[in-house]
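Me: I would like to learn how to read a protein model, one feature at a time. Please start from a single residue and work outwards.

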Amino acid sequence: MEQSLQVNFASSLIAPIIGIVFLIILFFMMVKSVPQSENWTVERFKKYSRTLKPGLKLIFPILESIGHRVNMMERVLNIGSQEVITKDNATIEADAIAFFQVTEAEKASYEVQNLQTSLENIIQTNIRSVIGSMDLDASLSNRETINSRLLNVIDEAVKSWGVKVTRIEIKDLKPPPDITDAMAGQMKAEREKRAEVLQAEGEKQAAILRAEGLKVAQILEAEGRKEAAFLDAEAREREARAEAKATEMVSESIRDGNHQALNYFVAQKYTKALESVASAPNSKTIMIPLEAGSLIGSIAGIAELAKGATQKNNT
């Protein structure tokens, strides 16, 4: 009797437990927690229905299911290295890096298959197209132009995929070894040319500075000679005035009857003649063919002349 009661009680508990478990499973099937960096697509009978944004969301189990979990963060895509032929038939090796972000989860999920592979292929194709339209020198020296053209073309092409390409950078452009060697030789020649030009400019400036210095020195020398000539002229002028004054004094003395004044001129000429003889570079012995008393007398006459002039001025 007791066993039958226990069996009946256990049987009556099975149904509620199954119901509770079913409700719990149903709850977890209905409630979805979408991460901040993702959007989820919802499919109803395998057809796109709507997109779930970040947060707690509800779906209808059995009728609906999660289709794709799409990462909405900006991502980096490395573009593999490839050989590209330029407009002037030079082969260079190019690789790049791209930054992209999904803006519409439903398009990224259903408009393209394998999004990253498709992006890589379309970027490689456009790299060949853009660089192929440029010469080797232009492609090596205008990376910013290449990046800008790639970004405009590719961003427009992937809009239908719900993707925004934010940036494309050419990481490296490698020409063949023979072209690299030729470019290195050209750069060396250019550097040597610039060095020669700079050296020539330096020598030119130095020559200009030397010429200006010589010019200034010549001007200063000419001014010095001019100043010396001016001072010499002043000295001769003072000497001439003194000579004229002396001549006037002698003339007045002779007019007054003092004939000893003539001795002044004789003594002056005599003294100058002795100076010329004594200053000659080849003169070793000086012969004076005159009496010493005559010169002394002339000097005495000059003294008396000066004394007479002084007395006259005092009276």
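Me: Which residues does Gln 124 touch, not counting residues up to four places away in sequence?

Reply: This is a predicted model. In it, Gln 124 touches Ile 79, Gly 80 and Gln 82. Gln 124 itself is found in helix H3.

Me: Is Gln 124 buried or exposed?

Reply: Buried means under 20% relative accessible area. Gln 124 has 17% relative accessibility, so Gln 124 counts as buried. Over the whole protein, buried residues make up 23% of the 315 residues.

Me: Where does helix H3 lie?

Reply: Helix H3 covers residues 115-132 and lies across strands S6, S7 and S8. Its direction is at about 40 degrees to S6.

Me: How should I read the strands there, and what is their order in the sheet?

Reply: The general idea comes before the case. Strands of a sheet pair through backbone hydrogen bonds, in either a parallel or an antiparallel way. Here three strands form an open sheet in the order S6-S7-S8, and the pairing is antiparallel.

Me: Why is one side of S6 and of S8 left without a neighbour in the sheet?

Reply: S6 (75-85) and S8 (163-174) stand at the edges and have a single partner strand each, so one side of each is left without a neighbour. On average, neighbouring strands of this sheet are turned by 20 degrees against each other, direction ignored.

Me: How many bridges join S7 and S8?

Reply: S7, residues 91-102, pairs with S8 over 10 bridges in the antiparallel sense. To follow one of the partners, take Ala 96: its bridge partner in S8 is Ile 170.

Me: Which residues have the most contacts inside the largest nonpolar core?

Reply: A nonpolar core is a set of buried residues of certain types, joined through side-chain atoms within 4.5 Å. The largest one here has 33 residues, and those with the most contacts inside it are Leu 115, Leu 119, Ile 127, Ile 131, Ile 146, Leu 150 and Val 163. At least two residues of this core come from each of S6, S7, H2 (105-110), H3, H5 (143-157) and S8.

Me: What is Leu 115 in contact with, leaving aside its neighbours within four places in sequence?

Reply: Leu 115 is in contact with Arg 75, Phe 100, Val 102, Ala 108, Trp 161 and Val 163. There is also a second, separate core of six residues, including Val 34, Leu 52, Ile 59 and Ile 66.

Me: How many helices and strands are there in the protein?

Reply: The protein has eight helices and eight strands.

Technical notes
Residues are numbered from 1 along each chain as its sequence is written. This is a predicted model: local features need pLDDT of at least 70, side-chain atom pairs count only at pLDDT 80 or more; totals for chains, interfaces and linings use all residues. Side-chain values use heavy atoms; hydrogens and water are left out. Two strands pair if DSSP finds at least two bridges between them. Helices (H or I, at least four residues) and strands (E, at least two) are DSSP runs, numbered from the N terminus. Axes are lines fitted to C-alpha atoms, for helices over the stretch in contact, and angles run from 0 to 180 degrees between N-to-C directions. Contact means heavy atoms within 4.5 Å. Buried means under 20% relative accessible area, exposed over 50%, partly exposed in between (1.4 Å probe, protein chains only).
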